[in-house]
Amino acid sequence: YKVIIDTFASEYISKMNLPNNHPNMVDAQMLCIEQINKFRAKKPDDFLLLAADALEYNLLLSRRSLDPSIYKMSSRQKWSLIPLIVLLVGSLPIFVYSFINSIFPIVIAKMATAKIKDLQFISSVRFAIGLLLFPLFHIIQIVVFALITKDLIYTLIYAASLPIGAFIVFEWKKRAELVWARLREVKFNIFSPKRVKRLQELNVDIKNQMWKIVNFKEEEDYMSNSDAN
């Protein structure tokens, strides 16, 4: 289900005019799973058609290391790549400073979730661990900094920079990963035009099928709706 859900969840949130945040994403993913399971039980043959599209789609994506949750770029997203790259490069020193100050909670959270296979559960556990560890380590760092510098103003400035820096680390990393994924897509579009066409066809087909599945009701004839549309 993963490639199907990753392909559809973001579009569902956008079309429903919901904020694109973690809770809404989890809700959208759970809705997809629930509706796909219902659809699979009632229409197993039609589900196999969706599964076949998803298998081919996933194969094309994985061979190019493309992320189904963000494929494909709109024109606006393409043009936004350049200023985003400039912003990331310009803010790199701030990221490095912030990352150094946040490294212990980040490493501990990753180590604690190293053996968990469920990606959604990993993010939830890391979030919970972060809520505990970041304040704890920040307090320790502030105390150590104050003992070393013995300067109240510098200590207050440093204390203020820690939570801001932690936020910057995650936002910078998220945007850097997005840019890197977008650049892979740009490369793919340039050098593999035939595969791009097929990938885009599958993307549209999967999303269209998922909209029907999300709105699926037991009494409806899915194939009749497909033919009518």
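Helices here are DSSP runs of H or I with at least four residues, numbered from the N terminus. In this predicted model, T155 has its place in one of them, helix α8, which spans residues 152–191. T155 counts as buried because its relative accessible area is 8%, and the cut-off for buried is under 20%. Leaving aside neighbours within four places in sequence, T155 is in contact with I142, F145, A146 and T149. Helix α8 also holds P163. P163, in contrast to a buried residue, is partly exposed, with a relative accessible area of 45%. The C-alpha atoms of P163 and Y71 lie 32 Å apart in space, and the two residues are separated by 92 places in sequence.

Y71 leads on to the interior of the model. The largest nonpolar core has 29 residues, and those that touch the most other members are I4, Y57, Y71, L199 and M210. Two or more residues of this core are given by each of α1 (2–15), α2 (22–42), α3 (44–63) and α9 (193–214). Helix α9 supplies the largest share, with 8 residues. What does M210 contact, once its neighbours within four places in sequence are left aside? The partners of M210 are I4, F8, C32, I36 and L50. There is also a second, separate core, made of 11 residues, with F95, I106, W172 and V179 among them. As general background, nonpolar side chains tend to be buried together in soluble globular proteins.

Helix α5 (residues 81–90) offers a good example of a helix with two faces. On the inside, L81, L84 and L88 are buried. Looking down the axis of α5, one finds its buried residues within an arc of 65°, so they line one face of the helix. A little helix geometry is useful here: an α-helix has 3.6 residues a turn, so residues three or four places apart point the same way. The cover over the buried residues of α5 includes α4 (75–79), α6 and α8. Which residues are carried by the face of α5 turned away from its buried side? That face has the exposed residues I82, V86, L87, V89 and G90.

Nonpolar side chains also appear at the surface. A nonpolar surface patch of about 540 Å² is formed by F99, I103, F104, V107, I108 and M111. One of these residues, F99, is found in helix α6 (residues 92–112). F99 counts as partly exposed because its relative accessibility is 31%.

Finally, two loop residues deserve a look for their backbone angles. Most residues other than glycine have a negative phi. N17, however, has a phi near 55°, a positive value in a residue other than glycine. This residue, N17, sits in the loop between α1 and α2. Is N17 buried or exposed? With a relative accessible area of 70%, N17 is exposed, the cut-off for that class being over 50%. K150 is likewise not a glycine, and its phi is positive, at about 55°. The loop that holds K150 runs between α7 (119–149) and α8. K150 counts as exposed because its relative accessibility is 71%.

Methods: Residues numbered from 1 in each chain as written. Predicted model: local features only at pLDDT ≥ 70, side-chain atom pairs only at ≥ 80, totals over all residues. Heavy atoms only, no water. Core = buried A, V, L, I, M, F, W, Y, C linked by side-chain atoms within 4.5 Å. Buried < 20%, exposed > 50% of the residue type's maximum accessible area, 1.4 Å probe, protein only. Contact = heavy atoms within 4.5 Å. Patch = residues over 30% accessible without salt bridge, like charges linked within 9 Å, V, L, I, M, F, W, Y side chains within 5 Å. Areas by Shrake-Rupley, 256 points an atom, 1.4 Å probe, with all protein chains shown as cover. Salt bridge = Lys/Arg side-chain N within 4 Å of Asp/Glu carboxyl O. Arc of directions from axis to C-beta.
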